[in-house]
Amino acid sequence: MKKIQFRNIKLGIAALAFAGMTSSCDVTDLSPANLIPDEESFGTAVRVESLVLGVYESAQQGFYLGSAGQAGRGYPFGAANVQQGDMRGEDMYNDQLFYEITYIAAHTPFSANNNGMWISIYRMINRANIVLESLDAALENGVITQEVRNTLRGEMLFLRALGHHELLTHFSRPYMGDPSAMGVPYRRVAINDVPLVAANETLGRTTVAEDYALILADLNEAEELLPLTRNHARVRRGAAIGLKARVMLHMGNWQGVIDEFTKLGGTYSLMDSPVTPFRTVNSAENIFSFVHTAESNAGVNGALPSMYGNPARGARGLVKVSPLIWRSDFWHSEDLRRTELTDRNAGGIYTFKYTDVINRTDPNPILRYAEVVLSAAEANARLGNTSVAIELLNSVRDRALPASVPSFTSSDFANTDALLTAIFNERRIELLAEGKRWGDIHRLSGEGRMPGIPTKATSRSITSLDFYTTDRAIPTDHALPYSSNLFVWPIPIDEIVNNSQDPIPQNPGY
């Protein structure tokens, strides 16, 4: 293998590492992080499988403050996408200094959190591209079969699309706001040798519309290549379909959302209880999650159960449920998601979706069927299919409520906007502590349905349970208008400074 040091962050730090090769379906700890696979690395089926698992590893725990592995704090998709997505919204609450820069929107081009997300995603994308460019040669050499080649290619295309969409929601304006706005560099060429660094520095920022078209192209091909069923820890066909539904929701392509949702019927379904998906990792509601094991996880400084869990159970408890959503009039007091999926102590209320504080094995739910159901409900409401929208909304809501609570009917909504508000609120409840709130704020602000980031409970000021259980005034702050430059993250300063060929433009205002 080649040993190459890359200075340009935009190009993903190009590193790929594959020590301890294995054909296991588990994600393993692969190091060191400065080795690039050469032709010999694709010389056997076992090695090819290990290279693919290395891409999953880079997604699960990638890069943070110059380090990879356990110190990576779950960047980008081991846990960090959830934490950063939640901290950009108002429904999860920052209790200590750890996430405050994100929570109060005090980021700069030097901030570690947004830098870590940018770097780690592009590292993952480059690793995926290296595999994508090598699969056909492995097929021609008889190392892998056509079926294996197709499946592995589909996995890499999905991860590449997932990474680029995550970048767009943080570093670019939303599609429904201005599709001609600056997007992010869409990287489809592998960088596995030094001369390719300079050759690829000139790839600049495409538009948001161009990026979305490329994401859909990757996902459409992935859908054709991936198997319908397989090990739950690996990307399946439904993951490409589910991500397409999410992407089309951000684009305002309502019929497209419905079409993708329809494809999932018969393969995925809602569980009878909203608790089940978090206690049964391979349930029919799990479209795709990144797995964790006791040996390979985001670490005590990054894993969801330690960051989000109740300190009374041994967690660090840096993030709580916000008292703003807890006391909201749209979250029913008898909802199972309040009684079974939250936990409390004298200081506040925590999510109980992630429970393994000791070994940190809770998976990170990237795509759940419930999300796609609610996306289809919204899309149907937008198109005037009111009865279908209400039926889909009720399918998620009713399973969490006692039989004594009536389902929604058309008489509950004065107009389409009222129905949409109920769907948006249901998304806030159902997807709480899963990092999805920021995506909704991003797209709805671009559309003009939200003015930007809503008012939040003031950072590090919610110190007791009575903020949740009494009418004690909740101190608030940190609202951010959509017009603010801080609504989108800045391009990391190293990305701009270290690109000597053709630095990409910084986001306005930074």
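Helices, runs of at least four residues, and strands, runs of at least two, are DSSP runs numbered from the N terminus. The legends below use these numbers for a predicted model.

**Figure 1. Overall view of the protein chain in the predicted model.** The protein chain holds 18 helices and 14 strands. Its C-alpha trace spans about 65 × 45 × 45 Å along the principal axes. For 510 residues, a compact globule would have a radius of gyration near 24 Å, and the 22 Å of the protein chain agrees with this. Among contacts in the protein chain with a separation of 6 or more, 73% join residues 24 or more positions apart.

**Figure 2. Surface and charges of the protein chain.** The exposed area of the protein chain is about 17,700 Å², and carbon and sulfur atoms supply 51% of it. Of the 510 residues, 63% count as buried. The protein chain carries 46 positive and 56 negative charges, and the mean positions of these two groups are 3 Å apart.

**Figure 3. Close-up of Asp91 in its loop.** Asp91 is placed between helix 2 (80-87) and strand 5 (92-94). Is Asp91 buried or exposed? Asp91 counts as buried because its relative accessibility is 2%, and buried means under 20%.

**Figure 4. Close-up of the surroundings of Asp91.** Which side chain makes a polar contact with the side chain of Asp91? The partner is the side chain of Arg428, at 2.7 Å. Arg428 also appears in the list of residues in contact with Asp91 when neighbours within four places in sequence are left aside. The other residues in that list are Val321, Ser322, Ile325, Leu432 and Arg437.

**Figure 5. Close-up of His478 in its loop.** The loop that holds His478 runs between strand 13 (476-477) and strand 14 (480-481). With a relative accessible area of 14%, His478 is buried, since the limit for a buried residue is under 20%. The C-alpha atom of His478 is separated by 30 Å from that of Thr416, and these two residues are 62 residues apart along the chain.

**Figure 6. Close-up of the surroundings of His478.** Which residues does His478 touch, not counting those up to four places away in sequence? They are Tyr103, Ile104, Ile453, Pro454, Lys456, Ala457, Thr458 and Ser459. For Ser459, the view includes a polar pair: its backbone nitrogen lies 3.0 Å from a polar atom of the His478 side chain.

Note on methods: Residues are numbered from 1 along each chain as its sequence is written. This is a predicted model: local features need pLDDT of at least 70, side-chain atom pairs count only at pLDDT 80 or more; totals for chains, interfaces and linings use all residues. Side-chain values use heavy atoms; hydrogens and water are left out. The radius of gyration is taken over C-alpha atoms; the globule rule is 2.2 Å times the number of residues to the power 0.38. Buried means under 20% relative accessible area, exposed over 50%, partly exposed in between (1.4 Å probe, protein chains only). Contact means heavy atoms within 4.5 Å. Accessible areas come from the Shrake-Rupley method with a 1.4 Å probe; for residues, only the protein chains shown count as cover. Lys and Arg count as positive and Asp and Glu as negative; His and the chain ends are not counted. The place of a charge is taken as NZ of Lys, CZ of Arg, CG of Asp or CD of Glu. A polar contact is a pair of N or O atoms within 3.5 Å; within protein, one must be able to donate a hydrogen and the other to accept it, and residues adjacent in sequence count only if both atoms are side-chain atoms.
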